[in-house]
Amino acid sequence: MTEKALRLGTRRSKLAMAQSGQVADAVSQVTGRPVELVEITTYGDTSREHLAQIGGTGVFVTALRDALLRGEVDFAVHSLKDLPTAQPADLVLAAVPVREDPRDVIVARDARKFADLPRGARVGTGSPRRMAQLNAYARSHGLDIETVPIRGNVDTRIGYVRSGELDAVVLAAAGMSRIGRIDEVTDFLSVDTVLPAPGQGALAIECAAADAELIAALAELDDPFTRAAVTAERSLLAALEAGCSAPVGALADLPPLSAPLERGDPHADGQIVKEMRLRGVVGTTDGTALVQLSTTGPVPETHEGAVALGRELAAEMLAQGAAGLMGERAH
């Protein structure tokens, strides 16, 4: 008799289906059980409002979590950057697999790089975080750009460029990679130019806290370093009391590995690394004011250690005036 299929709850977007399909294959391998995708429509998928207006954090997550709590699905896959920082008591983050490239990318007309955009270029993004940093970079490098708020899936966003309505749009490298469209990217934005959203490029696999057997099986897909990194980033975000609509960027990485990994050096993984660097940024969306700081410490070996790293950096950022820059803060 074949074992009952595990039900994986996923959003319906092309990207969500692609990443859930990849997780389904991996879970099938570690459990020996078939996995079926259960498509769930979330409020964030149906609303046409800008994310900052509908509350940002959680709009793509709540329906999936409700389905988990009702027992309609056995586990769910989220983009980690969409998850609210508070974890419900009856659900557990069973696995955070190895992270994809966390960088933001540009798809621009005429295969242009960000620095080569024409004067007055219209750059589309729905993210206050991206707007703040792109505008700050442009201001300090003598570039003249206008950031334009947009929503929609990858096709919709790239369509604005193809139609000539916008000169460029900003997307996440990980998403473009997961749907097989990384070759359309015209520029990878260095994390020195734009820090990604906390958790960007990482996935979260969540299930009911009571399902010990499934938790143990899913744990095989967990990458301890990715988990420590995103825990530190999300701790920073939580300590700044900022929802995902606030212009906060954060990235925890391993300084000696980051450059070779960004270059795609296959031998980078073999090094022994003892330090983690956490960088954070918060700014006004027009880019006129930014607080950007970093800290380096031993790679956290516990959840508490990773949380502490994020809290410490947030405290320093708040001391330098970060709170006053988060006017968009979700109350």
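Which strands does helix 4 lie across? The legends below take that up, along with other close-ups of this predicted model.

**Figure 1. The whole protein, before zooming in.** Start with the parts list: the protein has ten helices and 13 strands. It runs to 331 residues, and 51% of them count as buried. About 14700 Å² is exposed, with carbon and sulfur atoms supplying 51% of that area. Take the contacts between residues at least 6 apart in sequence: 73% of them join residues at least 24 apart.

**Figure 2. Helix 4 on its sheet.** Here's the reply to the opening question: helix 4 lies across strand 5, strand 6 (121-124), strand 7 and strand 8 (168-172). Its direction is at about 175° to strand 7. Helix 4 covers residues 128-140, and those 13 residues should span 18 Å at 1.5 Å a residue; the end C-alpha atoms are 18 Å apart, so the two agree. Ten of the 13 residues are buried, which leaves the helix mostly covered. Among the buried ones are Arg-129, Arg-130, Met-131, Gln-133, Leu-134 and Asn-135. After the helix comes Gly-142, with a positive phi near 70°.

**Figure 3. The sheet under helix 4, strand by strand.** This open sheet has five strands in the order 7-6-8-5-9, and the pairing is mixed. Strand 7 (145-148) and strand 9 sit at the edges with a single partner strand each, so one side of each has no neighbour in the sheet. At the strand 9 end, strand 5 (residues 104-108) pairs with strand 9 in the antiparallel sense over two bridges. Look for Ile-106, whose bridge partner in strand 9 is Asp-187. Helix 5 (residues 154-162) packs on this sheet too, touching strand 5 and strand 8. The direction of helix 5 makes about 155° with that of strand 8.

**Figure 4. A closer look at Phe-188.** This residue is found in strand 9 (residues 187-188). Is Phe-188 buried or partly exposed? It is partly exposed, with a relative accessible area of 35%. Setting aside neighbours within four places in sequence, Phe-188 is in contact with Asp-101, Arg-103, Asp-104, Val-105, Ala-173 and Ile-182. Lys-113 is 75 residues away from Phe-188 in sequence, yet their C-alpha atoms are 8.3 Å apart in space.

**Figure 5. Another open sheet, with helix 3 across it.** The strand order here is 2-1-3-10-4, again five strands with mixed pairing. Strand 2 (35-39) and strand 4 (91-95) are the edge strands; each has a single partner strand, so one side of each is left without a neighbour in the sheet. On average, neighbouring strands of this sheet are turned by 35° against each other, ignoring direction. Strands 1 and 2 run parallel and are joined by five bridges, with Leu-8 partnered by Leu-37 in strand 2. Four of the five residues of strand 1 are buried, so this strand is mostly covered. At the other edge, strand 4 and strand 10 (residues 203-208) pair in the antiparallel sense over four bridges, and Leu-93 stands opposite Glu-206 in strand 10. Helix 3 (residues 62-69) lies across strand 1 (6-10), strand 3 (75-79), strand 4 and strand 10, at about 165° to strand 3.

**Figure 6. Strand 11, covered on both faces.** All six residues of strand 11 (residues 248-253) are buried, so the strand is largely enclosed by the rest of the structure. In a regular strand, side chains alternate between the two faces of the sheet. Here Val-248, Ala-250 and Ala-252 are buried on one side, and Gly-249, Leu-251 and Asp-253 are buried on the other. Strand 11 pairs with strand 12 (residues 275-283) in the antiparallel sense over six bridges. Val-248 stands opposite Val-282 in that partner strand.

**Figure 7. Helix 10 and its buried face.** With 17 residues (303-319), helix 10 should span 24 Å at 1.5 Å a residue; its end C-alpha atoms are 25 Å apart, which agrees. The buried residues are Ala-306, Val-307, Leu-309, Gly-310, Leu-313, Ala-314 and Met-317. Seen down the axis of helix 10, they fall within an arc of 155°, so they line one face of the helix. An α-helix has 3.6 residues a turn, so residues three or four places apart point the same way. What covers these buried residues? The cover includes helix 8 (224-239), strand 12 and strand 13 (290-298). On the other side of helix 10, Glu-304, Arg-311 and Ala-319 are exposed. Helix 10 is followed by Gly-321, which has a positive phi, near 95°.

Conventions. Residues numbered from 1 in each chain as written. Predicted model: local features only at pLDDT ≥ 70, side-chain atom pairs only at ≥ 80, totals over all residues. Heavy atoms only, no water. Buried < 20%, exposed > 50% of the residue type's maximum accessible area, 1.4 Å probe, protein only. Pairing = 2+ DSSP bridges. Axes fitted to C-alpha atoms, helices over the stretch in contact; angles between N-to-C directions. Contact = heavy atoms within 4.5 Å. Areas by Shrake-Rupley, 256 points an atom, 1.4 Å probe, with all protein chains shown as cover. Expected span 1.5 Å × (residues − 1). Arc of directions from axis to C-beta.
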